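This report goes through selected local features of one protein model. The sequence and structure come first, and the notes follow under short headings.

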Amino acid sequence: MKKNQKWTAYIYILPMFLFFLIFLVYPLLNTVKLSLYEWNGIDPEMVFVGLQNYKEMFHDDVFYKAFTNFAIYAALVIIMEIVIGFSLAYLMRRKNFLFNIYKAVIFAPVILLPVVVSYIFTDILAYSYGFVNTFLRNIGLDKLALDWLGNPDVALYTLIGITVWSGTGFAMSVYASSLTSFPGELLEAAKIDGANRFQIVIKIVWPLLKGTHFSLSIISAISALKIFDIVFLLTGGGPFHATEMPSTYMYDRAFTVYEQGYASAVAAIIIIFALVVTFIQMRLSSEKN
């Protein structure tokens, strides 16, 4: 490559490089810097406290509760979306008019805004007049009527169910796309060899879709790490921090008690965690290739 052509190439990538520095690198470095100060986000005065915010954070039970909730939330959502999405895609893999309608209905929640989803389920799960509890009372199961979003024992699992409801359609569509290019002769050969339907699914179809499993698990893990809107709108992290997530914990410290330095320390930990997940993803992807 000639020297002029080399500099031309650098000029072409310069706008994206500047965008990367201004909107990604600088905010990350500034977040780490703010985590070393005590600051309420309003006053111009910032007091340098070093690692004090991190020490306080690692002695806060709510911090550990938030990450424990996240671990449970992420694990269950990833597993349920993959299993249910695959099952639906496989059961409706044939071209059929009714199956197309079912797929459209199942995929519809994916395109709904979190505000819409939260409004729907706030109404459906209301303790006194919600559809779920009203139905349970009408069939004589009053003891099963719960405050689904206000009971600390079930609130997190209710959020998991809502997330799975709104995200399974995406997993189903990805699996449906993968199954369209699936080699049908393998299934026919397995049937000739005497394999039943369950064996075909478990020993042939499922293993051959490991690339799809991997991609969906990474997407779901990243989505779980960024979860905020649904939790904030439905429970606000309550009751009693039962649904607290790292993002809602950070928001509460930043905009409720106005501890911007502390919130920046929480953000720094979230960033480190995201980098670890990204590193693991890249290693697994390279090994798979």
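## Helix α1 and the nonpolar patch

F17 is part of helix α1, which spans residues 3-34. Helices here are DSSP runs of H or I with at least four residues, strands are runs of E with at least two, and both are numbered from the N terminus. The model is a predicted one, in which local features need pLDDT of at least 70, side-chain atom pairs count only at pLDDT 80 or more, and totals for chains, interfaces and linings use all residues. Residues are numbered from 1 along each chain as its sequence is written, and side-chain values use heavy atoms, with hydrogens and water left out.

F17 has a relative accessible area of 46%, so F17 counts as partly exposed. The classes are buried (under 20% relative accessible area), exposed (over 50%) and partly exposed in between, with a 1.4 Å probe and protein chains only. F17 belongs to a nonpolar surface patch of about 1,000 Å², together with L14, M16, L18, F19, F20, L21, I22, F23, L24 and L28. Patches take residues with over 30% relative accessible area and no salt bridge; nonpolar side chains (Val, Leu, Ile, Met, Phe, Trp, Tyr) are joined within 5 Å and like charges within 9 Å. The areas come from the Shrake-Rupley method with a 1.4 Å probe, and for residues only the protein chains shown count as cover.

## Helix α8 and the positive patch

K191 lies in helix α8, residues 184-192. The relative accessibility of K191 is 47%, which means that K191 is partly exposed. On the surface, K191 joins R93, R94 and R197 in a patch of positive charge. In this count Lys and Arg are positive and Asp and Glu negative, while His and the chain ends are not counted. The place of a charge is NZ of Lys, CZ of Arg, CG of Asp or CD of Glu.

Helix α8 also holds L186. L186 is partly exposed, at 37% relative accessibility. The C-alpha atoms of L186 and I200 are 9.3 Å apart in space, with their positions 14 residues apart in sequence.

## Salt bridges around R253

Side chains of opposite charge can pair when their charged atoms come close. A salt bridge is counted when a side-chain nitrogen of Lys or Arg is within 4 Å of a carboxyl oxygen of Asp or Glu. The count by this rule is 3 salt bridges. One of them joins R253 to E56, with 3.6 Å between the closest N and O atoms. Because R253 is in helix α12 and E56 in helix α2 (residues 52-57), this pair ties together parts that are 197 residues apart in sequence. E56 is partly exposed at 38% relative accessibility, whereas R253 is buried at 12%.

R253 also forms a salt bridge with D60, at 3.4 Å from N to O. Here too distant parts of the chain are linked: D60 is in the loop between α2 and α3 (61-91), R253 is in helix α12, and the two are 193 residues apart. D60 and R253 are both buried. With E259, R253 makes a salt bridge of 2.4 Å, N to O. E259 is partly exposed, its relative accessible area being 29%. The result is a salt-bridge network of E56, D60, R253 and E259.

## The loop between α11 and α12

T243 sits in the loop between α11 (229-234) and α12 (246-255). T243 has a relative accessible area of 0% and is therefore buried. Its side chain makes a polar contact of 2.6 Å with the side chain of T235. A polar contact is a pair of N or O atoms within 3.5 Å; within protein, one must be able to donate a hydrogen and the other to accept it, and residues adjacent in sequence count only if both atoms are side-chain atoms. A polar atom of the T243 side chain also lies 2.5 Å from the backbone oxygen of G238.

The peptide bond from G238 to P239 is cis, with omega near -5°. P239 is in the loop between α11 and α12, and F240 is placed in the loop between α11 and α12 as well. F240 is exposed, with 74% relative accessible area. Phi of F240 is near 55°, a positive value in a residue other than glycine.

## Y258

Y258 is in the loop between α12 and α13 (260-288). Phi of Y258 is near 55°, again a positive value outside glycine. Y258 is partly exposed, at a relative accessible area of 43%.
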